[in-house]
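Subject: Handing over the two-chain model

Hi,

Here is the structure I promised to pass on. Have a look at it first, and my notes on what turned up are below.

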Amino acid sequence: MCSALALGIGSLEAAVKWMVFCVYVVELARSHERIRALSADRIPDSALAPVENGRSQRERRKRGETHLPLGKPGVGFTGVRMMGIISSELERCWSEMGFHLLKSRRLYSVSLQEFWHRHSTHGIFVFEPFSAAKMPFLTVVCGFCVARFQPGPAGCERKMRWVIVDTPTSPVTSGLPLFFVITVTAIKQGYEDWLRHKADNEVNKYPVTVLEDGRSVKKESEKIKVGDVVEVVEDETFPCDLILLQSSREDGTCFTHYTVPDTEKDLQALTAAIECEQPQPDLYKFVGRMHIYKPEQEPAVSSIKVKPAWQLLKPCTLFHLSLDRLKCFYEPLRRVLHESGPGQIRPTYFQQCCSLGATLTSLGPENLLLKGATLKNTKKIYGVALYTGMETKMALNYQGKSQKRSAVEKSINAFLLVYLCILISKAIVCTTLKYVWQSKEGQDEPWYNQKTQKEKDTNMYLKMFTDFLSFMVLFNFIIPVSMYVTVEMQKFLGSFFITWDKDFVDPEIQEGALVNTSDLNEELGQVEYVFTDKTGTLTQNNMEFIECCIDGFQYKHRDNRSELDGFTVTDGPVNKLQQKAGREKEELFLRALCLCHTVQVKEAGSEVVTDQVDGIDGMIHQPEEERGFIASSPDEIALVKGAMKYGFTFLGLESKSMKIRNRQNDIEEYKLLHVLNFDPVRRRMSVIVQTKSGETLLFCKGADSSIFPRVKPEEVDRIRMHVERNATEGYRTLCVAYKQLSAEEYAVADTGLREARLALQDREEKLMAMYNQVETGMSLIGATAVEDRLQEEAAETMEALQGAGMKVWVLTGDKMETAKSTCYACRLFQRGTELLELTVRTLEDGRSWSTANQDYGFIIDGATLSLLMNPPRDADASLYRNLFLQICQNCTAVLCCRMAPLQKAQIVKMVKNSKGSPITLSIGDGANDVSMILEAHVGIGIKGKEGRQAVRNSDYAIPKLKHLKKLLLAHGHLYYVRIAHLVQYFFYKNLCFILPQFLYQFFCGYSQQPLYDAAYLTMYNICFTSMPILAYSLLEQHISIEILLDHAALYREIANNAMLRWRPFLYWTVLGIFQGLLFFFGVRFLFSNPALQDNGQVFGNWSYGTIVFTVLVFTVTLKLALDTRHWTWINHFVIWGSLAFYVFFSFFWGGIIWPFLKQQRLYFVFANMLSSVSAWLVIIILILLSLLPEILLVVLRKPRGPHSRQMKRRLPSSGTSTIFMLSQTASTHSFSWSD
Amino acid sequence: MMASSYSAKEEDGHHSGSAGLGGTAIRTRKPDNTAFKQQRLPAWQPILTAGTVLPAFFVIGLIFIPIGIGLYVTSNNIKEFEIDYTGTDMSSPCFNCSQSFSWNSTTPCKCILSFSLDQPFEEPSKECEPYRTNENKPIAPCGAIANSMFNDTLDLFYIDPNGTKTQIPLIKKGIAWWTDKHVKFRNPGSNPNLTAVFKETAKPVNWRKPVYELDTDPENNGFINEDFIVWMRTAALPTFRKLYRIIQKKNNMTPTLPRGNYSLEVIYNYPVRSFEGRKRMILSTISWMGGKNPFLGIAYITVGSICFFLGVVLLFIHHKYGNRNNNSDIPN
């Protein structure tokens, strides 16, 4: 019984040790995947998740692509829920595609076949909702433990049964630090889990109104099933991706094409099926169709259901869906159908549908309401839930943040590997020497130390192995397990300083900085490349209409003068002083501004509405300030407001007719026929409207480069100068053109557009072709200039960043001239900067330069970039890319204009993966910057005007660009220094902690005798030395914040991970070894005569260990004190406090006979030590001696100054003249670089 | 020793109070303006420079060298005499052998008699195995350490010039730590008759006598036998010495051990030849710093000199380059 217990304890010990080892292995391979992977496993393998591009979601999860939006408010996901009546056809489809079902919760998986066996053909299956949090809150700890140890070496459990390691230290000794680490980490994880749970619940348990059986039912948002009709009222967010069915607005705006002023009571039976594409992340793309069947004859069956039929991969699978089973009852849809008209699309499939009485309508991105968006300006809408949970576009767009790992962590892992090698080699050396020593005659089994029967029985090799393990356990303290806790705590607590910083508080929004992840604090001190967005980041995104140019004449509005026509004419560049364009042209231009947009008028309240009615009568002037506009882009508003200044007011869109009030206060009404949406490729948008007189007009506005080719050249010449001049002044310019469509032209365009919209395949391409076809032969009427002011202190910030050695790249979608002027304004380009332009326009330029010592700026545009990235011959791709990188890396500033959002991310990725893998930082404010923010090592969001998308996806969010300076130069710098020191110090202090223990093995016959007492072994990292370094790593300011901000160049001193490279690591290691040797041998020489007391009594091995340990604790603490440059009271308290605690603890520990200890090893050892003068003297001298080199080094080190180094900027081949050419010929693009 | 600047930011201290008051009224998302949260806690910022460390080196040098000299002299004044009585031949162990030596120190002092063992000492970490039971009785005291207790007997005789041998009185008590003897080691039970107490136990395999016969003095018998306690305080290093007996100082006038010839008589029990160990008897005087150990004195003198030397070097450097260095210092 007893022996069984002992065996049990033995194996427990072994288990603990194994776990220590496992943890090391795991920690070594520590990556985000560890916990996440497990958390992903917990999520029921929703094989339901459709296959996308032949890769299942599961696969993607394996590759770490879809990290779940853990704890992100608004993106939290509800369970994948799918409820459907499944026909046997569908089943066959699915099984063909290899789907199998898994019951969640119990992780009970059945293959589809089995499933269908057990259930009727029309079975219903439901997936339980699951939560984003890893596990139910209460089970977190045990769950955590499982998570923690699961990745250990497989089968170690079995080994434990027969390998029982003799423990040199008690299991508590090794186990306690581990336990501590696990507890702390578990608490942290649990806390984060709890937060996630809360966030999840906010999203998942969010009450929504669902129409069920004709009644509104309140439901939790996670219970929404695909096909439910959901009601959303104003200012609510959409709980999932919805297809808009009906909106309360009567004017037909709100992007809906199905507006019918019916109320709920008129509901009649209607059957519809929605076909849509597989869930895909592109927010701006959606292709779907809705089939609506003849209403059934029964009177209003009061259930409202729209069943989606998933469009499966192959188009042919569509036929397997038995459509008649999918029913829905909804009257308004029928009306919609009548509007769109049946039978417009002709594939055989539709004939089938039509034979069933179905009519068809197309669904595009404008019909889809994305989850997370908020309903504005509309009281109520109804929509069909289409994608829910993880399949919403938002969720699919979510990229795991956890993939970001800081360079410091990589360094830690490298160091850990070194220390693991040290540990293993120490164990091997000791084991080997032990057996060498024992092989000598008489040493194997001296009479005083006979072997136990068990030892005699065990196999020699097994014994060697257990000895090896014992040494591993003995030396395992060299691996700073507790460092992980300290690092995590440091990061977690340290990040509060960013949130707390009052300098980051913006008076406008009354908010400070936001830290979304604390893992990257130190990365802020390592940034080498800064990628910044222009609009909203460098500039305020506060658009103001500055001037316009009509027919070659320049108009500039002045506020103080508002006479009859509201125009003031300033001198035009074409020297037509005091001239104006013709009145007709003016009015046409202003009408174009009023009509060609997607702006909505915001109604401030009911009285405003009545005001508007009055306004229609032309009696009352609506005060302009009260009129709010909502638009997707602020420059549209600026244009509408600009037109307002000149007397043309846009009143709103009601039932597809746009109303404007002209200068004569007459109301003009235009029927809106088509909107040709803006897209970044075309870079223009158009509207087709019909006047009261029946004329059909097309108004188009867009970037000059996209408009000029589509209008008459002679018109271009008149306006081009204006546009270019405005662009150089830093304004955003747009050109406006129009075209009158004849009835036939319109008919062609109309059918073409409708057909293209209904297309399921290649809809984009078809639409694009149609748009291009319609938008030709226009005539240019004018151009506008909108100013976007620079952010406060943008220039200073940019200058500081450059001074800190960072390379600033501006990535913008704007045109080159505008962006260039912004760059000049931000002082990214200086007067002396030589600009290298690589744009389609300058392709033929050959440039040469000889001055090597100059600043270079580089400009490239999107088109050229795509030429570079995707050259006609694949072989050139890497060559081009390398050349491009080389050039860019040698320029001080790079401007990339005309970038698509994806290209931004592409550039970031390219730089990130370039040689030396520099640390990149992206800063932006808009949704178009999200990809770039996620791609960069550190993503920074600006709490700007363009919503919270960027903020939500960023790692850090700041209110203004100017805060970036302090964030990087002060916070980043300090964090980096702190954590680097923390890491080095931890390795150092554990090395000099365990080295004496290793050396001691040579003096005790390799018997695994520990040098220190178990209490000391356990407490060393937990209590005695942990707090000072934590305080240091939170409070240290080796250089004060003001100086860091004033001298940006100081940032360069820590560039390239300077404090965690191998050199400093070697220095710390050597220091640790030196001190370890000193501690051990210093005391060893003292102990050559262990009679150290004046009464001749001798000290034993525990005194030896205690003296070494005392020296050790004092030395490492004082070493930290030497390194501390910023002594706050906390540092004083913690440093002196932990020394005092050590002394107090030692007295206490040695002062009592502890009943739970078998051996009172340390009983009065410490007190006895203090009673010996020699011990005092040796402690003092050893502390002094071990700190002496450090003091000397500090004194002799060259003082670090802000002017110490200058960055070298060189072009790839300086000295010789370099010709850089990109020539374009008709067929091929070639890019050559020659010396 | 260190140049320091004290940068208290008082205005922040004031703010913190008012911010706290304001914060209660309206909970804004604005962070508190406290010195801690703004990382503006008043701090002492010491900077080690040549100018500040220099005097420290001189001071250390000046303090350490005298201490070192004092230690060295003390250590040198300690008289120590050592006899290796292991014997050379395995077949003729030196049982009851006696060795003569002369002692010529006349200072009255406390002397100690120690034995020194030179064995590749292995710390047995296993609790009691394999010395837990013998013949189905529990061994008392159990364990390998107790089992290997040193059991030679050393006696010291003064040989008068006329040839008579006088035994030097050796004191058995006071060789173990007071706390060990009085607190840590206890005889089991309250029964003073140790023979009865230990009746059910067996003696350790290698012992000649059971534990209750270690001494006749009941205050020094059983587990509280001081020889046993001394042995149980395991030594740190393989070559170790342990206090065996104390020779009490008589008074301040007469030398503790008169000058003359002495004879050491050994009852040889403890086998060390099997592992090539050595046994020594050491007779030594004792001082305030313990036994003879020149290491400390030398270390202090060396470190003191190094510091002094470094001070000189630094002074030189400071004078030659000091001005240049100061200019490029980071302003603080």
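Let me start with a salt bridge in chain B: B:Asp84 pairs with B:Arg278, and their closest N and O atoms are 3.1 Å apart. (A salt bridge here is a side-chain nitrogen of Lys or Arg within 4 Å of a carboxyl oxygen of Asp or Glu.) B:Asp84 sits in strand E3 (residues 80–84) of chain B and B:Arg278 in strand E12 (residues 278–285) of chain B, so the pair ties together parts that are 194 residues apart in sequence. Helices (H or I, at least four residues) and strands (E, at least two) are DSSP runs, numbered from the N terminus. Both ends of this bridge are partly exposed: B:Asp84 has 32% relative accessibility, and B:Arg278 has 27%. For that scale, buried means under 20% relative accessible area, exposed over 50%, and partly exposed in between, with a 1.4 Å probe and protein chains only.

Before you go further, some housekeeping. This is a predicted model, in which local features need pLDDT of at least 70 and side-chain atom pairs count only at pLDDT 80 or more, while totals for chains, interfaces and linings use all residues. Residues are numbered from 1 along each chain as its sequence is written, chains are lettered from A and ligands numbered from 1 in the order in which they are written, and side-chain values use heavy atoms, with hydrogens and water left out.

On confidence, the model scores ipTM 0.89 and pTM 0.71. Chain B has a mean pLDDT of 76, with 78% of its residues at 70 or more; pLDDT is the predictor's confidence in each residue, from 0 to 100. Over residues 1–28 of chain B the pLDDT is below 50, and this stretch has 32 contacts in the model beyond near neighbours in sequence. A contact means heavy atoms within 4.5 Å. Residues 324–332 of chain B also stay under 50, with 13 contacts beyond four places in sequence. Where pLDDT is low, the predicted coordinates should not be read in detail.

Staying with chain B, the unreviewed UniProt entry annotates residues 47–73 and 295–317 as "transmembrane region". UniProt positions are given in the numbering used here, feature names are shortened, and annotations may be inferred rather than shown by experiment. In the model, residues 47–73 of chain B are 89% helix and 0% strand, with end C-alpha atoms 39 Å apart. Residues 295–317 of chain B are 100% helix and 0% strand, and their end C-alpha atoms lie 32 Å apart.

Now chain A. This chain has 39 helices and 35 strands, and 60% of its 1235 residues count as buried. Among its contacts with a separation of 6 or more, 75% are between residues 24 or more positions apart.

Back to salt bridges: there are 34 over all chains. A:Lys966 is worth a look, as its side chain meets that of A:Asp501 at 2.7 Å, N to O. That pair links distant parts of the chain, with A:Lys966 in helix H31 (residues 963–1001) of chain A and A:Asp501 in the loop between helix H15 (481–500) and strand E13 (514–515), 465 residues apart. A:Lys966 is buried at 10% relative accessibility, and A:Asp501 is buried at 2%. A:Lys966 also forms a salt bridge with A:Asp503, at 2.8 Å, N to O. A:Asp503 lies in the loop between H15 and E13 of chain A, 463 residues from A:Lys966. Unlike the buried A:Asp501, A:Asp503 is partly exposed at 37%. There is a salt-bridge network too, linking A:Asp506, A:Glu508, A:Glu792, A:Lys960 and A:Lys962.

Last, the rings. The whole structure holds 75 aromatic pairs over all chains. Rings of Phe, Tyr and Trp (its six-membered ring) pair if their centres lie within 6.5 Å; planes under 30 degrees apart count as stacked, over 60 as edge-to-face and the rest as tilted. One of them joins A:Tyr1016 and A:Phe1024 edge-to-face, at 6.2 Å centre to centre and 65 degrees between the planes. A:Tyr1016 is buried at 1%, as is A:Phe1024 at 0%.

Cheers
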